[in-house]
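Let's take a walk through this fold together. Have the sequence and the 3D view open side by side, and follow along.

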Amino acid sequence: MQQTETDLDLINSILAGNTGHYALLVKRHQRFVFTLALRFAKNREDAEEIAQDCFIKAYKALGTFKQTSKFSTWLYTITYTTAMTYLRKKKLDSTSIDNDEQVLQVANTDSSFDANTIEKKSTYKYLNEAIAMLLPDDAAIITLFYKGEQSLEEIGQALVMEPNTVKVKLHRARHRLKEKLQLLLKEEVKELI
């Protein structure tokens, strides 16, 4: 299949018997599903397991995809419910947004001497650290809205909420993210002094 094939084209092909095309769907969405899973699990190993479970569940349920929303929205709904189920089973407690003593995980960055690249990576580092400090629901809404470029309606479908509820939660999550970023940057300034 060509790169220009849509998710729906791939799904129809898979349902017609070309199961090998599922790898293309996984490849398209694996990074974001993993990122979303990591927002909930807070560690790489659990996030990888959640992401793998999501793609297995999505494959088994592909015939039930009604195509009334985007495939990504449907997949993120599966990711959300799988992550919540996984966390309940592991009995990981959600930490308060006021608890600043958390282990932070950030993606490895390659070294570069380009000042703009270094500055951009530093910005992403602090942003990812601040998102990791949020409650899982806040982190998911921020991630879906900004990184996943999902609309309020799509986020509502994925998280089983009304769009107005998502709007309010997004506003509150932005405020909490701002607080976390201010805290992180304040600590960074202290280190420089």
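E149 sits out in the open: its relative accessibility is 65%, and because anything over 50% counts as exposed, E149 falls in that class. Keep in mind as you look that this is a predicted model. You'll find E149 in the loop between α6 (136-147) and α7. Its backbone deserves a glance too, since phi of E149 is near 50°, a positive value in a residue other than glycine.

Which other loop residue has a positive phi without being a glycine? Try K42, where phi is near 70°. K42 belongs to the loop between α2 (22-41) and α3 (44-60). K42 has a relative accessible area of 26%, so it is classed as partly exposed, whereas E149 is exposed.

Now zoom out to the whole chain. What is it built from, helices or strands? The chain has eight helices and zero strands, so if you trace the sequence from one end to the other, the pattern reads α-α-α-α-α-α-α-α. Of the 193 residues in the chain, 39% are buried. The accessible surface comes to about 12,000 Å², and carbon and sulfur atoms account for 52% of that. Long-range contacts matter for the picture as well: take the contacts in the chain with a separation of 6 or more, and 66% of them join residues 24 or more positions apart.

Next, how do the helices sit against one another? Two packed helices are described by the angle between their axes and the distance between the axes. Start with helix α1 (residues 7-15) and its partner α2, which pack at an angle of about 150° with their axes 9 Å apart. Because angles over 145 degrees count as roughly antiparallel, α1 is roughly antiparallel to α2. The crossing of α1 past α2 is left-handed. On the α1 side, the contact uses D7, L10, I11 and I14, and on the α2 side it uses Y22, L24, L25, R28 and H29. Sort the residues of this contact by class and you get six nonpolar, one polar and two charged.

A second pair brings together parts of the chain that lie apart in sequence numbering: helix α4 (residues 71-90) and helix α7 (residues 152-159). Here the packing angle is about 40°, and the axes are 7 Å apart. That angle makes α4 oblique to α7. The crossing in this case is right-handed. From α4, the residues making the contact are T73, Y76, T77 and Y80, and from α7 they are E154, Q157, A158 and L159. By class, the contact of α4 with α7 comes out as four nonpolar, three polar and one charged.

Stay on α4 for one last stop, at W74. Is this tryptophan buried or exposed? W74 has a relative accessibility of 17%, and because the buried class covers values under 20%, W74 counts as buried. Leaving out residues up to four places away in sequence, W74 touches A58, A61, L62, T64, F65 and S69. There is also a link back to the helix pair: the C-alpha atoms of W74 and A158 are separated by 6.5 Å, although the two residues are 84 apart along the chain. A158 is one of the α7 residues in the contact with α4.

Key
Residues numbered from 1 in each chain as written. Predicted model: local features only at pLDDT ≥ 70, side-chain atom pairs only at ≥ 80, totals over all residues. Heavy atoms only, no water. Axes fitted to C-alpha atoms, helices over the stretch in contact; angles between N-to-C directions. Helix = DSSP H or I, 4+ residues; strand = E, 2+ residues; numbered from the N terminus. Parallel < 35°, antiparallel > 145°, perpendicular 65-115°, else oblique. Left-handed = near helix turned anticlockwise from the far one by under 90°. Contact = heavy atoms within 4.5 Å. Nonpolar A, V, L, I, M, F, W, Y, C, P; charged D, E, K, R; others polar. Buried < 20%, exposed > 50% of the residue type's maximum accessible area, 1.4 Å probe, protein only. Areas by Shrake-Rupley, 256 points an atom, 1.4 Å probe, with all protein chains shown as cover.
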